[in-house]
Amino acid sequence: MGVTRRQLLWAGAGIGAAGALAACSSGAGGPEDTAAAAGSASEQPRSGGTLKVGALGKASAVTRDPHGSQANESDYLILSLVHDTLAVPGDTTNTAPRLASSWKPSEDLRTWRFTVAEGARFHDGTPVTAEDVVWSLKRLRATPAGASRLPGIKAGSITAEDARTVVLVSDYANADLPLLTRLTTFVLKKDTKDDQIATAPGTGPFKLDWFRDGNARLVRNDDWYGGKVLLDAVEVSIFESPQAMANALLAGQIDVASNVGAVAARTAESRKDVRILRRPNDMAMPVVMRTADGPFADPRVREALRLAVDREAMVKQVLSGYGTIGNDILGTGDPAFAKDIPQRGRDLARARQLLADAGFDTARTYDLLTTEDISGLAESATLFATQVREAGVKINVVKQDPKVFWDATWLKAPLYTTYWGTNDSVVFFASKTMVSESGQNEAGWREPAFDEAYRKALGTADATERAKVLHQLQEIEHAKSGYLLWGMADGIDLAGAPVRNLPTLPGYGRVQLDKTWLAR
């Protein structure tokens, strides 16, 4: 199983159900629900109260190390409230300051200086220093997936310039380097021993009170450098299934069912005491077609499969009608996402012609490998198989145990499903899954023009010029990659009536509960 893969999947997908898609559809949970969860404009935020949050996970997979692999959403939620990252997703930008209050690049975009936030302290009162950050980043870099977590940055290239300045030197020009500091750069005190990690003081808005079998109680950090925290405490309860978590919410046992999915949202529609919060574009569930070799290496075959899919039906049936259609480009939440690239639609006649031109063997049956890691993934594979059969392609869906799937299928099989629960930037997905040298190149895709555009985008400081290059990058991905992204799933939280100001950003952004409050 890919370590970094799991580290990223928690955010918006993790073990949980497929979220609802932001909708132009008539399903419940539209913008009015988001506004309700935030509270009315006339309400004044108030301090106090304990927020009880349900999160998905398995007791057998509990992880306490902030630099480890968090397979459980519950673990990552707890860790993210106790330990801050250097940066976080922003409301209008890909990256916003957190424990690092600012950053500045050198002219060649290779050397970046990060400034530790003024007044940042660990929960034991010790000031956070650049040395703490350097030690933490080097520890992160030393993990099995460290090269993927901090690509282009070697351990020796992470140094402290003074008490509050951390210097990162990239192997190559990288205008998006701050983005690397968002998901896993939790800062610990320098020289914390491994057997002390689980209870080590953090820098976040909440302090650990107790932890038992995946459940935890966190109390407010009154000295948090990020501003006033409103809740007295957050209690996190671990649930193995979305339905069990939804039932607990409906019974009043918890205040928030986090990332509970579309089925639960439908169940809760008639409840006046429950609010449905939707986070747009939270998760991608693309079909991966291997481009390096095998039956899908011919780009005409990949284009035929893309044209054989009824995307609207996929969103309606797999995601209960909560949905937005995908256009085979990852990174739909990026402000730089190319919305002007023509939407690919269904064209069975063209699909059949492309298959014939490519000499594709339509007499053969091809396996599509999938797993039931998340709700809706296996269902998407089954519907996909039904749809492409109309173009003459026979598909046999094979469901695998998650361990087998991630160990033997992912990155290797000719045709399989995948999912990404962090809807990050276009450049993020390019670096993780599509450039030739990526360790997680899911389709085995090697396209020199794409690699060149990626490097040029990283090395371009001017925003206008960079936008042009990013558009070119997406045009190449849309035309040639191994991804068939039929739709984007939004996350769904269910919240009790008193809950106010839950975060609405997808991915890592949704665990930022420091401004959440209770109207009771």
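**View 1. Glu447 sits in the loop between helix H13 (426-434) and H14.** The model shown here and in the views below is predicted. Is Glu447 buried or exposed? Glu447 is buried, at a relative accessible area of 14%. That value falls under the 20% cut-off for burial. Leaving aside residues up to four places away in sequence, Glu447 touches Ser436, Ile476 and Lys480. Of these contacts, Ile476 also belongs to the H15 side of the packing between H14 and H15.

**View 2. Helices H14 (residues 448-458) and H15 (residues 463-480) pack against each other, with axes that come within 9 Å.** The axes cross at roughly 155°. Angles over 145 degrees count as roughly antiparallel. H14 and H15 are therefore roughly antiparallel to each other. The crossing of H14 past H15 is left-handed. Which residues make the contact? H14 supplies Ala449, Phe450, Ala453, Tyr454, Lys456 and Ala457. H15 supplies Arg466, Val469, Leu470, Gln472, Leu473, Ile476 and Glu477. An α-helix has 3.6 residues a turn, so residues three or four places apart point the same way.

**View 3. Ser431 lies in helix H13.** Ser431 counts as buried, with 17% relative accessibility. What does Ser431 touch, not counting residues up to four places away in sequence? Its contacts are Ser438 and Tyr454. Tyr454 is also one of the H14 residues in the contact with H15.

**View 4. Strand S15 (residues 365-371), helix H11 (residues 377-389) and strand S16 (residues 394-400) build a right-handed β-α-β unit.** S15 and S16 pair in the parallel sense. How many bridges join S15 and S16? There are seven bridges. Thr365 has Lys394 of S16 as its bridge partner. Five of the seven residues of S15 are buried, so S15 is largely enclosed by the rest of the structure.

**View 5. Four strands form an open sheet in the order S4-S5-S7-S6.** The pairing is antiparallel. Which strands lie at the edges? The edge strands are S4 and S6 (158-162), and each pairs on one side only. From one strand to the next, the twist averages 25°. Helix H4 (residues 130-141) lies across S5, S6 and S7. H4 runs at about 175° to S6. Strands of a sheet pair through backbone hydrogen bonds, either parallel or antiparallel.

**View 6. Strands S4 (residues 100-105) and S5 (residues 111-116) run antiparallel and are joined by five bridges.** Trp103 stands opposite Phe114 in S5. Ser102 has Thr115 as its bridge partner in S5. Five residues lie between the strands of this hairpin. One residue in the hairpin, Leu109, takes a positive phi near 65°.

**View 7. S5 also pairs with strand S7 (residues 165-169), in the antiparallel sense.** How many bridges hold this pairing? There are five bridges between S5 and S7. In this pairing, Arg113 stands opposite Val167 in S7.

**View 8. Helix H3 (residues 73-82) is a buried helix.** Ten of its ten residues are buried, so H3 is largely enclosed by the rest of the structure. The charged and polar names are on the list too: Glu73, Ser74, Asp75 and Ser80 are among the buried residues. The list also includes Tyr76, Leu77, Ile78, Leu79, Leu81 and Val82.

**View 9. Two loop residues, Asp191 and Leu411, have a positive phi.** Most residues other than glycine have a negative phi. Asp191 has phi near 70°, a positive value in a residue other than glycine. Where does Asp191 lie? Asp191 lies in the loop between S7 and strand S8 (206-212). With 52% relative accessibility, Asp191 counts as exposed. Leu411 has a positive phi of about 75°, although Leu411 is not a glycine. Leu411 is found in the loop between helix H12 (402-409) and strand S17 (415-417). With 23% relative accessibility, Leu411 counts as partly exposed.

How values were computed
Residues numbered from 1 in each chain as written. Predicted model: local features only at pLDDT ≥ 70, side-chain atom pairs only at ≥ 80, totals over all residues. Heavy atoms only, no water. Buried < 20%, exposed > 50% of the residue type's maximum accessible area, 1.4 Å probe, protein only. Helix = DSSP H or I, 4+ residues; strand = E, 2+ residues; numbered from the N terminus. Pairing = 2+ DSSP bridges. Right-handed = clockwise from strand over helix to strand, strands pointing away. Axes fitted to C-alpha atoms, helices over the stretch in contact; angles between N-to-C directions. Parallel < 35°, antiparallel > 145°, perpendicular 65-115°, else oblique. Left-handed = near helix turned anticlockwise from the far one by under 90°. Contact = heavy atoms within 4.5 Å.
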